[in-house]
Amino acid sequence: MTEARTALQVALHDIGGFAQQFDELHRWASWFTKAESLLTDPTPAAPYHQDLLPPDADLERRQLAAAVVQGWVFGGMGSWNDGGPADPGAQREYERVGAHL
């Protein structure tokens, strides 16, 4: 659990910081910040799939599950992987942070 939480926290922090730098990605920054905050939330609630874990799951598992669900931004129309910055160098970083997440 500790390793998964740490890896997710680092990935969310990196991708959120990257998104913050670009107007066309700025809306995603708050999405990733929310996901990261769920890792320490005393009453975590995922935006959907709230039945992912049994009701008696411990706090760390509920926090991790909520953060994973909140941080899932791939697939579907209007998702994270539908765009990116126009600059080729920034595009490579966009792909890296997306793959890391």
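Trainee: Let's start with H2 and H3. How do their axes sit relative to each other?

Mentor: This is a predicted model, and in it the axes of H2 and H3 come within 7 Å and cross at roughly 170°.

Trainee: What makes H2 and H3 roughly parallel or roughly antiparallel to each other?

Mentor: Set the angle against the cut-off: over 145 degrees counts as roughly antiparallel. The crossing is roughly 170°, so H2 and H3 are roughly antiparallel to each other.

Trainee: Which residues meet there?

Mentor: From H2 you have Trp31, Phe32, Lys34, Ala35 and Leu38, and they meet Gln63, Ala66, Ala67, Gln70 and Gly71 in H3. Sorted by kind, the residues of this contact are 6 nonpolar, 3 polar and 1 charged.

Trainee: And H1 with H3? How do you know whether H1 is roughly parallel to H3?

Mentor: Same recipe. The axes of helix H1 (residues 2–20) and helix H3 (residues 59–71) come within 11 Å and cross at roughly 30°. Angles under 35 degrees count as roughly parallel, so H1 is roughly parallel to H3. The crossing of H1 and H3 is left-handed.

Trainee: Which residues make that contact?

Mentor: H1 brings Ala4, Arg5, Leu8 and Leu12, while H3 brings Glu60, Gln63, Leu64, Ala67, Val68 and Gly71. That contact divides into 6 nonpolar, 2 polar and 2 charged residues.

Trainee: Now single residues. Why is serine 30 called buried or exposed?

Mentor: Serine 30 lies in helix H2. Its relative accessible area is 52%, and over 50% counts as exposed, so serine 30 is exposed. Its C-alpha atom is separated by 21 Å from that of alanine 86, 56 residues apart along the chain.

Trainee: What about phenylalanine 22: why is that residue called buried or exposed?

Mentor: Phenylalanine 22 has a relative accessible area of 18%. Under 20% means buried, so phenylalanine 22 is buried. You'll find phenylalanine 22 in the loop between H1 and H2. Leaving out residues up to four places away in sequence, phenylalanine 22 touches Pro85 and Ala90.

Trainee: And glycine 17? What makes that residue buried, exposed or partly exposed?

Mentor: Glycine 17 lies in helix H1, with a relative accessible area of 35%. That value falls between the 20% and 50% cut-offs, so glycine 17 is partly exposed. The C-alpha atoms of glycine 17 and aspartate 82 are separated by 19 Å.

Trainee: Which residues of H2 are buried?

Mentor: Trp28, Ala29, Phe32, Ala35, Glu36 and Leu38. The buried residues of H2 pack against H1 and H3.

Trainee: Which residues touch the most other members of the largest nonpolar core?

Mentor: The core has 23 residues, and Phe18, Ala19, Leu25, Trp28, Phe32 and Trp80 touch the most other members. H1, helix H2 (26–38), H3 and helix H4 (88–100) each supply at least two residues of this core. As a rule, nonpolar side chains tend to be buried together in soluble globular proteins.

Trainee: What does tryptophan 28 touch?

Mentor: Not counting residues up to four places away in sequence, tryptophan 28 touches Ala19, Val73, Gly78, Ser79 and Trp80.

Trainee: One last thing: what is phi of histidine 49?

Mentor: Phi of histidine 49 is near 55°, a positive value in a residue other than glycine. Look for histidine 49 in the loop between H2 and H3.

How values were computed: Residues numbered from 1 in each chain as written. Predicted model: local features only at pLDDT ≥ 70, side-chain atom pairs only at ≥ 80, totals over all residues. Heavy atoms only, no water. Axes fitted to C-alpha atoms, helices over the stretch in contact; angles between N-to-C directions. Helix = DSSP H or I, 4+ residues; strand = E, 2+ residues; numbered from the N terminus. Parallel < 35°, antiparallel > 145°, perpendicular 65-115°, else oblique. Left-handed = near helix turned anticlockwise from the far one by under 90°. Contact = heavy atoms within 4.5 Å. Nonpolar A, V, L, I, M, F, W, Y, C, P; charged D, E, K, R; others polar. Core = buried A, V, L, I, M, F, W, Y, C linked by side-chain atoms within 4.5 Å. Buried < 20%, exposed > 50% of the residue type's maximum accessible area, 1.4 Å probe, protein only.
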